[in-house]
Amino acid sequence: MAEISKYIWFDGKFLTKNKAKVPVTTHAIHYGTSIFEGIRAYWNEENLFIFRLDEHVKRFRNSGKYYNISLRFSDKEIKKAIINLCKKNKIKKSCYVRPFYFVGQYGINLHVTKNAPTHVAIFSFPFGDLFDKNGITSCVSIWRKFSDASTPTQAKMGGNYLNSILATQDAKKRGFDEAILLDKNGYVSEAPGENIFIIKNDTLLTPPLSSSALDGITRKSILTFTKDLKLKTKIKNITKEELKSAEEVFLSGTAAEITPIIKVDKKKIGEGIVGNTTKLIMEQYHEIVMNRNKKYSKWVTPVY
């Protein structure tokens, strides 16, 4: 992570990062009772554009509802805080914005209610490519993605990502760039922090939410704008064998954007290079986030 910006928005105020502190008795530190979002903003040499701000803030609030944890600021206030944080830090380069809220001083009580004290913080930092856009290697993880039978899969909770940490550790230990998790039934679910797509028989396929995949904002965006590219799309269960025999595979997510996978385990995907359809989707996505596609200008929020 690059050096975070000078100012942090904390409970309605701008503080320098050295003054944004929480006590060691904070409930979220002990039990993972924190909710977060990852948001990208793109500088196109004229303005800074925040991608799908409304959708991110809506999910930000909804994630807490699964656990009865209250976000004590309105959606309008959160959106304004994110925009003003970029302005306050005078950001004129592409960056990542991390808003999160968490349960504060609540003792060791596990009965969290909507009345539990919560705090909100937002920080940002310059951000380029998370992964190599020329393609990465991946492996099917030894760990399975958790299911709604144990934990809500659509909540972006801090504690949920311990599963992702285990999968990432497994992949790195085995010499791969990223992991792919299967669901409880053995179907492809997602990567530790990204959704997954495959291209097979000229059709773009992605797992259903019933596979424990997150309802990703980038995922939904791809399913929408690829209609303009005349691509057939289908949401269906994907087997490990279908994954490895796919013509192209890529990951999607706010941080990863669109990242091609050129190898799964020991199996080369396609020709072992970025496929033409993936390239086309990457190019279209780049045009949209840079506000160069007027059809989707409603997806971006100007800062200045």
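**Exercise 1. Determine whether Y31 is buried, partly exposed or exposed, and describe the surface patch to which Y31 belongs.**

Step 1. Y31 has a relative accessible area of 37%. The classes are buried (under 20% relative accessible area), exposed (over 50%) and partly exposed (in between), computed with a 1.4 Å probe and protein chains only. Y31 is therefore partly exposed.

Step 2. The residue lies in helix α1, residues 27-31. Helices (H or I, at least four residues) and strands (E, at least two) are DSSP runs, numbered from the N terminus.

Step 3. Together with I108 and L110, Y31 forms a nonpolar surface patch with about 370 Å² of accessible area in total. Such areas come from the Shrake-Rupley method with a 1.4 Å probe, and for residues only the protein chains shown count as cover. Patches take residues with over 30% relative accessible area and no salt bridge; nonpolar side chains (Val, Leu, Ile, Met, Phe, Trp, Tyr) are joined within 5 Å, and like charges within 9 Å. A salt bridge is a side-chain nitrogen of Lys or Arg within 4 Å of a carboxyl oxygen of Asp or Glu.

The model is predicted: local features need pLDDT of at least 70 and side-chain atom pairs count only at pLDDT 80 or more, whereas totals for chains, interfaces and linings use all residues. Residues are numbered from 1 along each chain as its sequence is written, and side-chain values use heavy atoms, with hydrogens and water left out.

**Exercise 2. Compare the span of helix α4 with the expected span, and locate its buried residues.**

Step 1. Helix α4 comprises 12 residues, 162-173. The expected span is 1.5 Å times one less than the number of residues, which gives 16 Å for α4. The end C-alpha atoms are 16 Å apart, in agreement.

Step 2. The buried residues of α4 are N163, S164, A167, D170 and A171. They cover an arc of only 125° around the axis, which places them on the same side of α4. The arc is taken from the directions from the helix axis to the C-beta atoms. In general, an α-helix has 3.6 residues a turn, so residues three or four places apart point the same way.

Step 3. The buried residues of α4 pack against β8 (136-144) and β9 (178-182). On the other side, L162 and K173 are exposed.

**Exercise 3. Describe helix α7 and the surroundings of Q284.**

Step 1. In α7, the buried residues are T278, I281, M282, Q284, Y285, I288 and V289. Their arc of only 165° puts them on the same side of α7, while N276 and E283 are exposed on the other side.

Step 2. Q284 lies in this helix, residues 276-289, and has a relative accessible area of 16%, so Q284 is buried.

Step 3. Leaving aside neighbours within four places in sequence, Q284 is in contact (heavy atoms within 4.5 Å) with F225, D228, L229 and N293.

**Exercise 4. State where R52 and N68 lie, and assign each to its accessibility class.**

Step 1. Most residues other than glycine have a negative phi. R52, although not a glycine, has a positive phi of about 50°, and N68, also not a glycine, has one of about 60°.

Step 2. R52 is found in the loop between β5 and α2 (53-65). With a relative accessible area of 11%, R52 is buried.

Step 3. N68 lies in the loop between α2 and α3 (75-88). At 40% relative accessible area, N68 is partly exposed.
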